[in-house]
Amino acid sequence: MNIHFISIGGSVMHQLAIALKRKGYQITGSDDEIFEPALSNLRAEGILPAETGWVPEKVHPGLDAVILGMHAREDNPELIRAKELRLPIYSFPEYIYQESRDKKRVAVGGSHGKTTTTAMIMHVLRAAGRDFDYLVGARLAGFDQSVNITDAPVIVCEADEYSASAIERRPKFHFLFPHIAILTGIAWDHINVFPTFDNYLEQFRIFIGMIEKDGILIYNETDETLAQLVEETRRPDIRYAPYGVPQHRIDRGQTTLTIDGATSAINVFGNHNLLNAHAAWLVCRELGLDAETFVKAIATFTGAARRLELLGKNEQTIIYRDFAHAPSKVKATIEAVRQQFPDRRLLAVLELHTYSSLNAEFMGEYAGALDAADEGVVFYAKHALEIKRLPDLPADAVRAGFANERIAVINDRAALEAWLEKASYENAVLVLMSSGNYDGLELQPLVARITGNL
């Protein structure tokens, strides 16, 4: 196979390019900018473009496929050339399906918990010695790639509802046609793509309709919106497996999980992670694993990158970093930490960084999200608004949206650093939540100062 990538430098695009190169395919690609770690990764595999920019001459009749990344636009000269030559053009998820037609396909969808649930399944399958391919939205311990395509009989995919490409506006998870599907929950997000909640809901209805005949939908029955949607779209030709929070106990900050009589202490915590683990178990059971094997393996799972990741601790203070940014994710993270450490003060720092989270019209979705924290900060950088071409976001609008007058609203990095320096960390847990980087704030020196590990 001879494949060309338009926008090869993307975070998952370059991973797919590497996976296909390792499979023995001939790979070329272009991009107008390539940053680390894609730059070094592509160079190490010998497929880094010789120059940046778009080179239509790379698109020729001998190509078997062209894969179009999200960064490329409709007027891209290489895309125009590919259309002129009538070459097969695929978005990332469309091509994943092409490579997995003969595999049993597992797709993990939902507004939250996709990455962690996918990671749990991957961790357990690897521990059980199973051969499988995968697509996941984060780098995981023990896996050198976030995408792997081989001749394995199973593929496990994180199934994102965001648009597939610049020319294919339908959600990515509409192209996977799973035999085993998970829906973890539904909470409105991506308002720049789905302007109304009804429009967002419709994407999940379509996803359920795309499950293969005789397949199974594993869904979180504790999510009222999702449970209602499943009832409204119930199909007679697939099976259904509702799940909830599994049997567990918490003792002095340690969670112990029980699945079908098999019990073990686990490293992750919170109802959202227990729900994720239950969904992962139901997938693994469908793939032929028993409860004892699953629980033994999940006991060593330490989480996906930036999902309640422990940054540092001492006797007085524990510091976590989390990718949470959407309202449902923020609330789940805060409630998990509160439940796990009920006797500690909880300090929460949330950065608004995405288009949805910086939009005043969306702010009400955050109502109550930080209520379980003893002290809360909502931070957003002014230039983040400028980059997304959004109007100014007044602090009062943020407080009103969160329905919490106690939170501090900060939009200057120096002011955020001052708040963090002055905060009391005695018998406390600090949770730093963001899909960004707090306008360039260096976290490790901060953690070292707080924990005394300078």
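Tutor: A salt bridge is a side-chain nitrogen of Lys or Arg within 4 Å of a carboxyl oxygen of Asp or Glu. The model considered here is predicted.

Student: What is the general idea behind such a pairing, and how many salt bridges does a search of the whole structure find?

Tutor: Side chains of opposite charge can pair when their charged atoms come close. In this structure, the search finds 23 salt bridges.

Student: Which residue forms a salt bridge with Lys-23, and how far apart are the closest N and O atoms?

Tutor: Glu-99 is a partner of Lys-23, with 2.7 Å between the closest N and O atoms. The two residues lie in distant parts of the chain, 76 residues apart: Lys-23 is in the loop between α1 and β2, while Glu-99 belongs to helix α4.

Student: Is Glu-99 buried or exposed?

Tutor: Glu-99 is buried, because its relative accessible area is 12% and buried means under 20%. Lys-23, at 27% relative accessibility, counts as partly exposed.

Student: Where does Asp-151 lie, the residue that also meets Lys-23 in a salt bridge?

Tutor: Asp-151 lies in the loop between β7 and β8, 128 residues from Lys-23. The N to O distance of this salt bridge is 3.9 Å. Asp-151 counts as exposed, at 71% relative accessibility.

Student: Which residues are joined into one network by salt bridges that share partners?

Tutor: Lys-21, Arg-22, Glu-45 and Asp-144 are joined in this way.

Student: Which helices are linked by the salt bridge of Glu-232 with Arg-205?

Tutor: Helices α7 and α6 are linked, as Glu-232 is in α7 and Arg-205 is in α6, 27 residues apart. The closest N and O atoms of this pair are 3.8 Å apart. Glu-232 is partly exposed at 48% relative accessibility, and Arg-205 is likewise partly exposed, with a relative accessible area of 27%.

Student: How should one read the packing of two helices?

Tutor: Two packed helices are described by the angle between their axes and the distance between the axes. Here the axes of α6 and α7 come within 10 Å and cross at roughly 55°. The two helices are therefore oblique to each other, and their crossing is right-handed.

Student: Which residues make the contact?

Tutor: From α6, the contact draws on Phe-197, Leu-201, Phe-204, Arg-205 and Ile-208; from α7, on Thr-225, Leu-229, Val-230 and Glu-232. By class, these are six nonpolar, one polar and two charged residues.

Note on methods:
Residues are numbered from 1 along each chain as its sequence is written. This is a predicted model: local features need pLDDT of at least 70, side-chain atom pairs count only at pLDDT 80 or more; totals for chains, interfaces and linings use all residues. Side-chain values use heavy atoms; hydrogens and water are left out. Helices (H or I, at least four residues) and strands (E, at least two) are DSSP runs, numbered from the N terminus. Buried means under 20% relative accessible area, exposed over 50%, partly exposed in between (1.4 Å probe, protein chains only). Axes are lines fitted to C-alpha atoms, for helices over the stretch in contact, and angles run from 0 to 180 degrees between N-to-C directions. Angles under 35 degrees count as roughly parallel, over 145 as roughly antiparallel, 65 to 115 as roughly perpendicular and the rest as oblique. A crossing is left-handed if the near helix is turned anticlockwise from the far one by less than a right angle, and right-handed if clockwise. Contact means heavy atoms within 4.5 Å. Ala, Val, Leu, Ile, Met, Phe, Trp, Tyr, Cys and Pro count as nonpolar, Asp, Glu, Lys and Arg as charged, and the others, Gly among them, as polar.
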